[in-house]
Amino acid sequence: MQAQLWDKIRNNRFEEQYAKQDLSASEAIQLLDFSVYFNIKKEPIPAELNGIIHYLTEEDILVKQDNGMYAITNMGAILFAKRLSDFPRLERKAVRVVQYKDNSRLEMLKEKVGNKGYAIGIDGLLEFIEALLPSKEIIDGAVRRKQSSYPSIALREAIANALIHQDFSVTGTGVVIEIFNNRIEITNPGIPLVDVARIIDNPPKSRNEKLASLMRRLGMCEELGTGWDKIVISCELQQLPTPNIRIYEENTKVTLFSKKDFFDLSPDDKLWSCYMHACIKYIQSEFLTNGSLRERFGLEVSSSASISRLIKDACEKKYIKKLEDTAPKHTKYVPIWA
């Protein structure tokens, strides 16, 4: 308990700690791409240096020291640094992307390590990743468009969550994105502060609240508490397996899966997808049914029996529960905690 308390205190201070200090106003803004801040907020860049400094200090990106000089906070540097390598303590927090040849780590094809602050680099990071992913052409009426093998919103939210919720006190490592033929794994230092089984409906908690708040206000991720909902819903719409979350001693790994036939899914993946479908339906004031779960997996009516077996298994293993006693094809189900 005492260790958890110290961990909380240490991490709450991370955003406010100084990444660099004793800088003049002009030296401080030379290290930051402050134009991104104003562009994202759709506000004109102040003509005078004092105007720029005013906004950046209001956001705690900069702090005026007692000696009249300025310090760049860790939050300011991690979001807006032109080069993270200018901040030695933060350099290892750059995002690393690795692409492998197949479904194992045996042969690496590409590796890229970012050197920009997250606010500056996230769009380029996503473009780089999506360029590596297979896509197909969809004809929608008279319009041709490309559909990636992974929903863009799911990819963006999963990466943004990893950036926001990482434990910066875990030294020597940052967010790692690994691309395989059949999945994308996003690993961040630190473990969630909420129960993974209640990630849909619980109020979110972050060990980096100021960082999370600024990233949301800058539109880098979804509004408070809706990120994981968007991830699950967007994957359901493309009939992909539900992303899973694995917690290790000091790390959290989120895995996004490419298209996979229902009958090729593992029993655990089927149960997790069933449970998350029930959670999403419940927060939308709807219910899981045999029909809704068939539609979620892209199955025909002929597969009703297979879905009934999955629902029965999910009930027995306490993932979901029956709402009322009716004919099986009309029965409604809710998460076990509802």
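A residue is called buried here when its relative accessible area is under 20% and exposed when that area is over 50%. With that cut-off in hand, the report turns to several parts of this structure, which is a predicted model.

**Helix α10 and what follows**

Helix α10 covers residues 267–283, and of its 17 residues 13 are buried, so the helix is largely enclosed by the rest of the structure. The length of α10 can be checked in a simple way: at 1.5 Å a residue its 17 residues should span 24 Å, and the C-alpha atoms at its ends lie 25 Å apart, which agrees. Just after α10, the backbone at S285 takes a positive phi of about 60°.

**The two cysteines C274 and C315**

The structure holds 0 disulfides. A disulfide would be a covalent bond between the sulfur atoms of two cysteines, and the cut-off applied to such a pair is a sulfur separation within 2.5 Å. For C274, the closest cysteine sulfur is that of C315, and at 7.7 Å it is too far away for a bond. C315, whose nearest cysteine sulfur is that of C274, is likewise in no disulfide. As for their surroundings, C274 has 0% relative accessibility and therefore counts as buried, whereas C315, with a relative accessible area of 24%, is partly exposed.

**V334 in strand β13**

V334 is found in strand β13, which runs over residues 333–335, and its relative accessibility of 4% means that it counts as buried. Which residues does V334 contact once its neighbours within four places in sequence are left aside? They are A278, Y282, F287, I320, K321 and L323. I320 lies 14 residues from V334 in sequence, yet the C-alpha atoms of the two are 5.6 Å apart in space.

**A three-stranded open sheet**

Strands of a sheet pair through backbone hydrogen bonds, in either a parallel or an antiparallel sense. In this model an open sheet of 3 strands has the order β1-β3-β2, with antiparallel pairing. Strands β1 and β2 stand at the edges with a single partner strand each, so one side of each has no neighbour in the sheet. From one strand to the next, the twist averages 20°. The two pairings within this sheet are set out below.

| Strand pair | Sense | Bridges | Bridge partners |
|---|---|---|---|
| β1 (residues 18–23) and β3 | antiparallel | 3 bridges | L23 and Y70 |
| β2 (residues 62–64) and β3 | antiparallel | 3 bridges | K64 and Y70 |

Y70 of β3 thus stands opposite L23 and is also the bridge partner of K64. Strand β3, residues 70–73, is covered on both faces, with Y70 and I72 buried on one side and A71 and T73 buried on the other. Between β2 and β3 the hairpin has 5 residues, and within this hairpin G68 takes a positive phi near 90°.

**The contact of α7 with α8**

Two packed helices are described by the angle between their axes and by the distance between those axes. For helix α7 (residues 152–165) and helix α8 (residues 209–217), the axes come within 9 Å and cross at roughly 145°. From α7 the contact is made by A160, L163, I164 and H165, while α8 contributes L211, A212, M215 and R216. By residue type, the contact divides into 6 nonpolar, 1 polar and 1 charged.

Definitions and conventions. Residues are numbered from 1 along each chain as its sequence is written. This is a predicted model: local features need pLDDT of at least 70, side-chain atom pairs count only at pLDDT 80 or more; totals for chains, interfaces and linings use all residues. Side-chain values use heavy atoms; hydrogens and water are left out. Helices (H or I, at least four residues) and strands (E, at least two) are DSSP runs, numbered from the N terminus. The expected span of a helix is 1.5 Å times one less than its number of residues. Buried means under 20% relative accessible area, exposed over 50%, partly exposed in between (1.4 Å probe, protein chains only). Two strands pair if DSSP finds at least two bridges between them. Axes are lines fitted to C-alpha atoms, for helices over the stretch in contact, and angles run from 0 to 180 degrees between N-to-C directions. Contact means heavy atoms within 4.5 Å. Ala, Val, Leu, Ile, Met, Phe, Trp, Tyr, Cys and Pro count as nonpolar, Asp, Glu, Lys and Arg as charged, and the others, Gly among them, as polar.
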